[in-house]
Amino acid sequence: MVATARALLGLLLLTACAAALHAQGAAGRIGNITVSGASARPTPPGATVGAIYFTVSNAGTTADRLDSVSTPIARSVQIHATSSVGGVMQMRELDGVECPAGATLKAEPGGLHVMLIGLSAPLTLGSAFTVSLKFHAAGVLTLKVPVT
């Protein structure tokens with residue numbers, strides 16, 4: 001009985017730790033570039049668009065650039081910036097994002113973000129998918145992004 005209770009407690013702790021790590025988002029490093037907190041939000045059934053959010057830190061002494069993002073779960077992927085023009089929020093596609101030396105940039109709701117267009121299926125809570133971020137100097141960083 002005691003052994004069973006300990007085993008169950010161990011399993012519960014392991015599950016809680018895994019859930020906490022999953023909720024923090026994906027992280028990875030290539031060269032001087034570190035990407036952290038990568039995650040996507042669930043989409044409603046039938047939705048064909050979604051978004052990815054993350055933080056990019058450049059620990060190097062020279063700038064780099066996020067040139068593109070790709071994933072097999074979307075027909076196309078676009079880097080977007082959101083801004084207010086005359087009191088109206090507008091999104092515009094960017095051809096890349098500068099990552100200055102020694103700086104951190106955040107892709108977050110209401111600002112810089114990555115749009116997934118033509119999703120092959122809705123993004124469901126608890127699932128994950130692969131995404132590749134192509135940096136001009138550092139190269140390609142592939143992450144498994146959780147839907148949280």
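These are my notebook entries on a predicted model of one chain.

**Entry 1: the fold**

I began with the secondary structure. I count 1 helix and 11 strands in the chain. Reading along the sequence, I get α-β-β-β-β-β-β-β-β-β-β-β. The helix therefore stands ahead of the strands in that pattern, with strands numbered from the N terminus.

Next I looked at contacts. I took those with a separation of 6 or more, and 65% of them join residues 24 or more positions apart.

**Entry 2: surface and burial**

I checked how much of the chain is covered. The chain has 148 residues, and 39% of them are buried. The exposed area comes to about 8,300 Å². Carbon and sulfur atoms supply 61% of that area.

**Entry 3: salt bridges**

I searched for charged pairs. Side chains of opposite charge can pair when their charged atoms come close. How many salt bridges does the structure hold? I find 3.

I started from Arg 65. Its side chain meets that of Asp 67 in a salt bridge, at 3.1 Å from N to O. Asp 67 has 22% relative accessibility, so I list Asp 67 as partly exposed.

Arg 65 also forms a salt bridge with Asp 95, where the closest N and O atoms are 2.9 Å apart. This pair links distant parts of the chain, 30 residues apart. Arg 65 sits in strand E4 (residues 64–70), while Asp 95 lies in the loop between strand E6 (88–94) and strand E7 (97–99). Is Asp 95 buried or exposed? Asp 95 counts as exposed because its relative accessibility is 64%.

I then looked up Glu 98. Arg 65 forms a salt bridge with Glu 98 too, and their closest N and O atoms are 3.0 Å apart. Here strand E4 is linked to strand E7, with the two residues 33 positions apart. Glu 98 has a relative accessible area of 46%, so I mark Glu 98 as partly exposed.

I noted the whole group as one network of salt bridges: Arg 65, Asp 67, Asp 95 and Glu 98.

**Entry 4: the nonpolar core**

I turned to the interior. In soluble globular proteins, nonpolar side chains tend to be buried together. The largest nonpolar core here has 33 residues. Which members touch the most others? They are Val 35, Phe 54, Leu 66, Phe 129, Leu 133, Phe 135 and Leu 143.

I followed Phe 135 further, leaving out residues up to four places away in sequence. Its contacts include Ile 30, Ile 33, Val 35, Val 56, Leu 66 and Cys 99. Phe 135 also touches Asp 64, Arg 65 and Asp 67. Two of the salt-bridge partners, Arg 65 and Asp 67, thus reappear beside a core residue.

**Entry 5: the cavity**

I ran a search of the whole structure for empty space. It finds 1 cavity of 30 Å³ or more. The largest cavity holds about 30 Å³ of space. Its lining consists of Val 35, Ala 38, Ile 52, Phe 54, Val 69, Val 114, Val 131, Leu 133 and Leu 143. Strand E2 (33–40), strand E3 (49–58) and strand E10 (128–135) each give two or more residues to this lining.

**Entry 6: Thr 82**

Last, I looked up Thr 82. I find Thr 82 in strand E5 (residues 74–85). Is Thr 82 buried or exposed? Its relative accessible area is 18%, so Thr 82 is buried; the cut-off for buried is under 20%. Beyond its neighbours within four places in sequence, Thr 82 contacts Met 89, Gln 90, Met 91, Gly 110, Gly 111 and His 113.

How values were computed
Residues are numbered from 1 along each chain as its sequence is written. This is a predicted model: local features need pLDDT of at least 70, side-chain atom pairs count only at pLDDT 80 or more; totals for chains, interfaces and linings use all residues. Side-chain values use heavy atoms; hydrogens and water are left out. Helices (H or I, at least four residues) and strands (E, at least two) are DSSP runs, numbered from the N terminus. Buried means under 20% relative accessible area, exposed over 50%, partly exposed in between (1.4 Å probe, protein chains only). Contact means heavy atoms within 4.5 Å. Accessible areas come from the Shrake-Rupley method with a 1.4 Å probe; for residues, only the protein chains shown count as cover. A salt bridge is a side-chain nitrogen of Lys or Arg within 4 Å of a carboxyl oxygen of Asp or Glu. A nonpolar core is a set of buried Ala, Val, Leu, Ile, Met, Phe, Trp, Tyr and Cys residues joined through side-chain atoms within 4.5 Å. On a 1 Å grid over the protein atoms alone, a cavity is a set of points where a 1.4 Å probe fits but cannot get out, and a pocket is an open set with protein on both sides within 12 Å along at least five of seven lines; lining residues have an atom within 4 Å of a point. Grid points are joined across faces, edges and corners, and a volume is the space filled by probe spheres set on the points.
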